[in-house]
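Open the structure in your viewer and get ready to click along. We'll go from stop to stop, selecting a few pieces each time.

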There are 2 protein chains.
Amino acid sequence: MTRPTLEDVARRAGVSRSLVSLVMRGASNVSEQRRTAVLAAAKDLGYRPNANARNLAQKRTRTLGVVLNDLHNPFFADIADGAAAAAAEHGYHMLLGAASRSVDAERDALHTFMDLRAEGVVLVGTTLPSAEIADAARSVAIAVASRQVRQPDVDTVISDERLGARLAVEHLVGLGHRKIAHIDGGDGAGASTRRGAYSAAMKAFGLESETKVVPGEFTDLAGARAVEQMLADGELPTAIFAANDLVAAGALGSLEDAGLAIPADVSLVGYDNTALAAMHHLSLTSVHQPRLEMGRLAVESLIERLEEGRARPVRHVLTPRLVVRESSAAPPAGARRNSLSVSRAAPIGRA
Amino acid sequence: MTRPTLEDVARRAGVSRSLVSLVMRGASNVSEQRRTAVLAAAKDLGYRPNANARNLAQKRTRTLGVVLNDLHNPFFADIADGAAAAAAEHGYHMLLGAASRSVDAERDALHTFMDLRAEGVVLVGTTLPSAEIADAARSVAIAVASRQVRQPDVDTVISDERLGARLAVEHLVGLGHRKIAHIDGGDGAGASTRRGAYSAAMKAFGLESETKVVPGEFTDLAGARAVEQMLADGELPTAIFAANDLVAAGALGSLEDAGLAIPADVSLVGYDNTALAAMHHLSLTSVHQPRLEMGRLAVESLIERLEEGRARPVRHVLTPRLVVRESSAAPPAGARRNSLSVSRAAPIGRA
DNA sequence: TGGAGCGGTTGGAGCGCTCCAACAATTGCA
DNA sequence: TGCAATTGTTGGAGCGCTCCAACCGCTCCA
């Protein structure tokens with residue numbers, strides 16, 4: 001598999017290496033005759049320029065790396081898509097590195113990009129210690145998406161979590177709810193921020209005393225369990241604000257199994273507005289984050305650093321919005337002053 | 001951001017470039033004293049070897065590229081995870097290229113990897129013309145996962161679709177179903193194979209006359225629409241074999257909305273056994289493909305080519321299995337000889 | 001008629017590394 | 001005691017490209 005080089009093409013076309021190089025780079029002042037000769041020779045030989053040699057000689061790579069904490073998270077996938085679109089528009093190659101939720105894998109991917117001399121790296125949802133990020137930022141432009149990192153030289157793109165939680169709570173309060181519980185994401189990435197934002201929102205609406213956080217994690221099973229726990233404790237609220245859509249979906253399942261109707265008996269709000277929430281069958285009210293936009297801004301921040309020489313770090317805080325679907329409505333008539341007393345009925349909907 | 005080179009490290013440590021190179025590559029016969037001196041100098045300077053220069057000089061990269069047709073497909077993500085694990089075990093770097101379901105983006109990613117002189121490339125679910133794949137295979141080792149490609153020099157890893165469909169149909173037949181419809185994936189990747197496999201399975205069980213393909217695509221909305229269509233036509237079968245889990249989920253929603261219970265009134269089988277199917281709330285019986293294994297085998301095929309010099313192409317056909325959950329059961333009592341006559345009831349489960 | 005200017009082309013140096021032959025310093029053994 | 005073998009270290013060539021100064025042959029115009 002020894003691939004042809006510039007030299008081979010030059011020889012076959014009867015020109016110098018330099019001329020071939022010019023043609024390959026699409027230079028303008030090359031005679032049409034030679035250009036076609038070179039192109040033909042290149043095609044015959046199946047020649048493709050060696051990017052390693054080119055990068056070395058040019059001292060630039062026009063490549064951006066994106067490190068994804070988890071390939072399975074649709075939220076991250078959207079950010080990557082947004083980043084890809086922006087990279088393409090600006091004429092950069094984009095490479096991905098996937099870390100299966102392992103810090104070591106994240107570090108590996110970051111180092112691989114640094115070694116390849118990627119000009120910038122976007123870290124998406126990574127759990128790398130900020131000191132390491134700051135360290136890397138000394139030799140490559142770095143933007144962090146979907147995580148708070150306050151470091152000089154590191155750009156960040158996040159969405160306003162406090163606002164997101166407030167939108168959810170406000171919506172529910174507007175519908176007449178007071179007992180609004182939060183099933184949290186445990187120690188998942190961003191869970192504590194969201195939990196805090198929920199508490200703050202409750203307080204802002206004078207519902208501090210109704211604040212209730214039920215421990216969970218970012219899975220549907222955790223959502224289901226949390227609801228079962230609430231049912232067992234006889235402390236079901238009239239509305240649940242779940243840490244994300246997956247948790248909300250799990251909660252919904254358990255509620256229906258318990259014979260409760262959504263949203264007639266209990267309202268449900270998720271977070272992230274994933275495809276799951278949009279599913280006709282679930283139709284979850286959910287807080288949307290502008291994911292594509294986040295990826296795009298991360299890349300554009302890098303490009304500002306690279307091409308306009310910006311040095312001062314930038315923080316983008318994007319505005320989430322609430323997408324209202326069918327999982328939220330006014331609380332049941334009798335529940336406005338009291339907590340709903342649950343009569344466990346036989347499951348319906350599934351025989 | 002001009003990064004330090006070997007030369008800089010050598011000067012600072014008071015040794016030759018060669019010695020630094022040896023240390024960086026972990027060579028054994030270097031005195032302990034110099035090794036620590038070099039390491040210290042490298043650390044002070046924040047030195048990381050330039051992979052471009054190294055790859056160029058070494059004429060190898062120990063890098064594999066993975067081109068994903070779609071970052072959002074959890075099926076592909078699992079294949080990538082399997083590939084990553086195998087690559088790491090064999091000491092290769094793995095880079096991802098994501099194409100948002102665009103052939104052009106797939107081609108771009110493939111070419112980027114070829115230009116970087118990746119030693120092998122795994123194409124996951126790509127829609128690239130086979131001629132192009134064959135062409136690329138002349139200069140880099142290529143394995144294709146989750147798609148049929150019969151080309152010399154190209155390894156393939158697929159799962160046995162005919163068996164998968166047979167498992168689904170067999171399961172339903174075993175439960176007593178005869179009217180088993182298929183909601184297909186339209187012209188999505190692999191949809192026609194699956195459709196054919198369904199027809200073949202129906203025939204194998206002597207149910208050729210009951211064969212019914214309802215057109216759809218790989219979305220939950222299509223699944224929902226297909227069911228609505230069947231309801232409108234008054235031709236609801238007792239069981240539905242959906243092209244994938246998303247379609248099954250959509251179908252389930254429409255069925256429940258129509259007041260039908262799953263699996264009491266209609267049984268449902270999905271495909272891919274995604275996280276969606278496993279969700280407590282849906283609990284879909286589904287055909288599982290060994291996805292991680294597929295990724296692993298793709299990478300191992302490449303490594304056989306690279307390290308053992310295998311030239312003859314290899315085709316891995318993996319065995320799917322059925323994961324039975326709660327969406328399938330025996331057909332309703334009266335339905336065994338006749339088609340179910342649907343009495344449209346008010347939706348339940350959701351008020 | 002003799003430059004200046006221009007489009008097109010070329011050789012050579014250099015990018016940061018590896019690899020190899022060669023060498024210096026030590027050790028082992030006849 | 002002499003020489004081979006061994007261990008540790010080094011300079012230089014070369015990987016495949018880009019970039020730059022220089023050059024060639026023309027045309028154009030003073």
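Before the first stop, one term: a residue counts as near a strand of DNA if its C-beta atom, placed from the backbone, lies within 6 Å of it. Keep in mind, too, that you're looking at a predicted model.

**Stop 1: around the DNA**

Select DNA strand D. Which helix supplies the largest share of the surface near it? That's α4(A), with 5 residues. Now add α2 (17–24) and α4 (51–58) of chain A, then α2 (17–24) and α4 (51–58) of chain B: each of these gives at least two residues to the surface near DNA strand D. There are 27 residues around the strand, and the ones that come nearest are A:Thr5, A:Leu6, A:Ser21, A:Ala57 and B:Asn29.

**Stop 2: a sheet in chain B**

Next, hop over to chain B and colour its open sheet of 6 strands, in the order β7-β6-β8-β9-β10-β12, with mixed pairing. The edges are β7 (212–214) and β12 (321–323) of chain B, each pairing on one side only. Ignoring direction, neighbouring strands here are turned by 25° against each other on average.

Zoom in on β6 (residues 180–183) of chain B. It runs parallel to β7(B), and 3 bridges join the two. Show B:Ala181 and you'll find B:Lys212 of β7(B) standing opposite.

**Stop 3: the helix across the sheet**

Keep the sheet on screen and select α11 (residues 245–257) of chain B. This helix lies across β6, β8 (239–242), β9 (267–271) and β10 (285–288) of chain B, at about 155° to β9(B). Its 13 residues reach 18 Å from first C-alpha to last, close to the 18 Å expected.

Is α11(B) largely enclosed or open? Largely enclosed by the rest of the structure, because 12 of its 13 residues are buried. Among them are B:Leu246, B:Val247 and B:Leu255. To see what covers those buried residues, show α10 (220–233) and α12 (275–278) of chain B, which are included in the cover along with β6, β8, β9 and β10. After the helix comes B:Gly259, with a positive phi near 85°.

**Stop 4: the nonpolar cores**

Finally, select A:Ala80, A:Val122, B:Ala80 and B:Val122. These have the most contacts inside the largest nonpolar core, which has 100 residues. Click on A:Val122: beyond its close sequence neighbours, its contacts include A:Leu64, A:Val66, A:Ala143 and A:Leu302. Apart from this core lies another, of 90 residues, including A:Ala239, A:Leu246, B:Val227 and B:Tyr271.

Definitions and conventions: Residues are numbered from 1 along each chain as its sequence is written. Chains are lettered from A and ligands numbered from 1 in the order in which they are written. This is a predicted model: local features need pLDDT of at least 70, side-chain atom pairs count only at pLDDT 80 or more; totals for chains, interfaces and linings use all residues. Two strands pair if DSSP finds at least two bridges between them. Helices (H or I, at least four residues) and strands (E, at least two) are DSSP runs, numbered from the N terminus. Axes are lines fitted to C-alpha atoms, for helices over the stretch in contact, and angles run from 0 to 180 degrees between N-to-C directions. Two residues are in contact if their C-beta atoms, placed from the backbone, lie within 7 Å. The expected span of a helix is 1.5 Å times one less than its number of residues. A residue is buried if 20 or more other C-beta atoms lie within 10 Å of its own, exposed if 12 or fewer, and partly exposed in between; C-beta atoms are placed from the backbone. A nonpolar core is a set of buried Ala, Val, Leu, Ile, Met, Phe, Trp, Tyr and Cys residues joined through C-beta atoms within 7 Å. Lists of a residue's contacts leave out its neighbours within four places in sequence.
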